[in-house]
Amino acid sequence: MNIAFSPPDIGAEEINEVVDTLKSGWLTTGPKTKKFENEIASYCGTSRAACLYSATAGLELVLRIFGVGKGDEVITSAYTYTASASIIDHVGAKIVLADTGNDSFEMDYENLGTLINERTKAIIPVDYAGVVCNYDLIFQIINAKKALFHPNSSVQERLGRVLVLGDAAHSFGSVKNNIKSGAHADFTAFSFHAVKSFTTAEGGAVTWTDSIADYDEIYQQFMLLSLHGQSKDALTKSKAWAWEYDVIAPYYKCNMTDVMASIGLAQLRRYEGILKRRKEIVTLYNEMLGSDEFSILKHTGSDFDSCKHLYIVRLNNKGEVFRNKVIEKMRRAGISTNVHFKPLPLLTAYRNLGFKIDNYPNAFAQYANCISLPLYSLLTDDEVRYIADNFIRITHEL
């Protein structure tokens with residue numbers, strides 16, 4: 001067999017929706033993007049959503065809306081993809097990394113509390129592999145530290161505490177405490193990249209609660225920031241006598257297009273079926289790999305159910321060398337695997353910023369023996385069995 005790691009699930013419905021867009025004569029941000037925004041908000045249980053070119057853009061624009069900049073600090077996890085941290089650097093703030101909890105992929109919440117100081121303006125927790133993190137505890141921690149918060153903008157003054165910006169790149173469709181991902185944090189950024197459980201090829205979206213300001217006011221800020229600071233988008237300008245516009249400030253270019261949104265509209269109609277299939281695959285994996293040799297990330301519990309973005313297995317009592325040999329042997333068996341993630345302090349960019357992996361022992365321990373097995377809705381049961389059988393065989397042979 002030759003099994004890819006995570007190809008997108010694109011079918012006739014997505015293709016037909018894109019063709020309809022191509023025939024419509026409107027390809028960039030327009031009616032389908034606006035419709036998609038409304039459907040995302042409805043799906044997540046929020047009043048509004050803003051579609052953008054990526055989750056990375058969404059995270060950065062939120063920091064800019066909140067007025068985060070030079071002299072400020074923003075905390076995120078050492079165990080995440082670079083986008084969670086690089087956007088902090090983009091706005092001129094200082095990146096502060098929290099270790100993970102012991103034997104956990106989530107941020108060490110006790111460690112988080114010690115990192116908050118008078119310069120802290122935001123926390124970016126990460127919903128790893130689709131599992132929504134403990135936002136209730138995060139809010140408890142930041143509310144206990146309210147006295148340290150010193151606002152330096154009107155929007156910060158209205159909130160009156162550290163901002164919680166959820167990196168939900170992995171968790172679109174996940175649920176915790178009967179609340180959908182997108183409605184837990186002050187702001188939540190989703191990724192719709194091609195490898196995600198829900199895709200628009202590239203793309204992303206941001207949702208937000210009413211904790212800061214009027215929904216429409218925030219939405220208008222996203223529109224200005226994502227399209228050069230232009231006071232009207234192309235759709236509005238196309239209406240009769242509406243060509244006149246202004247540029248409010250020299251902003252950025254990261255809008256979603258109708259071509260991307262059309263994929264998303266079709267995906268959203270199919271998404272419950274996609275999630276159902278992913279759950280079946282995870283269940284089959286769990287049945288085959290449930291032994292003391294492996295620790296498997298739980299995607300379902302009494303108060304949560306994830307979108308099952310990644311299937312994560314840890315090789316108990318093993319290290320990097322063994323894990324890497326397993327990956328190579330799996331490749332020779334025609335199975336693509338991955339590692340999510342290398343902790344940020346292992347990467348050149350973050351080493352150059354002064355981060356040392358020795359200060360993040362829990363994150364390193366999680367990384368050293370974890371493997372991501374293929375998980376996507378197009379996998380057949382026979383392919384899942386082939387993957388699991390080879391994984392067991394290889395780990396026994398080494």
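A salt bridge here is a side-chain nitrogen of Lys or Arg within 4 Å of a carboxyl oxygen of Asp or Glu. Keep that rule handy for the exercises below, and remember that you're looking at a predicted model.

**Exercise 1.** Work out whether the protein is as compact as a globular protein of its length.

*Solution.* Start with the parts list: 14 helices and 14 strands. Next, take the radius of gyration, 21 Å, and hold it against the globule rule, which gives 21 Å for 398 residues; the two are close, so the protein is as compact as a globular protein of that length. For the outline, the C-alpha trace spans about 70 × 55 × 40 Å along the principal axes.

**Exercise 2.** Find what share of the residues is buried and how much of the contacts comes from residues 24 or more positions apart.

*Solution.* Buried residues make up 56% of the 398. Now look at contacts with a separation of 6 or more: residues at least 24 positions apart account for 72% of them. On the outside, the protein exposes about 16,800 Å², and carbon and sulfur atoms supply 51% of that area.

**Exercise 3.** Count the salt bridges, then say which parts of the chain Arg-270 and Glu-14 link.

*Solution.* Applying the rule gives 24 salt bridges. In one of them, Arg-270 pairs with Glu-14, with the closest N and O atoms 2.6 Å apart. Arg-270 sits in helix 10 (residues 258–289) and Glu-14 in helix 1 (residues 12–24), so this pair joins distant parts of the chain, 256 residues apart. Check the cover too: buried means under 20% relative accessible area, so Glu-14 at 1% counts as buried, while Arg-270 at 23% is partly exposed.

**Exercise 4.** Compare the Lys-32 and Asp-20 pair with the Glu-280 and Lys-276 pair.

*Solution.* First pair: the closest N and O atoms of Lys-32 and Asp-20 are 2.7 Å apart. Lys-32 lies in helix 2 (residues 31–44) and Asp-20 in helix 1, so the bridge ties together parts 12 residues apart in sequence. Lys-32 is buried at 13%, and Asp-20 is partly exposed at 43%.

Second pair: Glu-280 and Lys-276 come within 2.8 Å at their closest N and O atoms. Both lie in helix 10, 4 residues apart, or about one turn of the helix. Glu-280 is partly exposed at 35%, whereas Lys-276 is exposed at 53%.

**Exercise 5.** Which residues are linked with Asp-20 and Lys-32 in a network of salt bridges?

*Solution.* Glu-13, Glu-17 and Arg-269 are linked with them in that network.

Notes:
Residues are numbered from 1 along each chain as its sequence is written. This is a predicted model: local features need pLDDT of at least 70, side-chain atom pairs count only at pLDDT 80 or more; totals for chains, interfaces and linings use all residues. Side-chain values use heavy atoms; hydrogens and water are left out. Helices (H or I, at least four residues) and strands (E, at least two) are DSSP runs, numbered from the N terminus. The radius of gyration is taken over C-alpha atoms; the globule rule is 2.2 Å times the number of residues to the power 0.38. Buried means under 20% relative accessible area, exposed over 50%, partly exposed in between (1.4 Å probe, protein chains only). Contact means heavy atoms within 4.5 Å. Accessible areas come from the Shrake-Rupley method with a 1.4 Å probe; for residues, only the protein chains shown count as cover.
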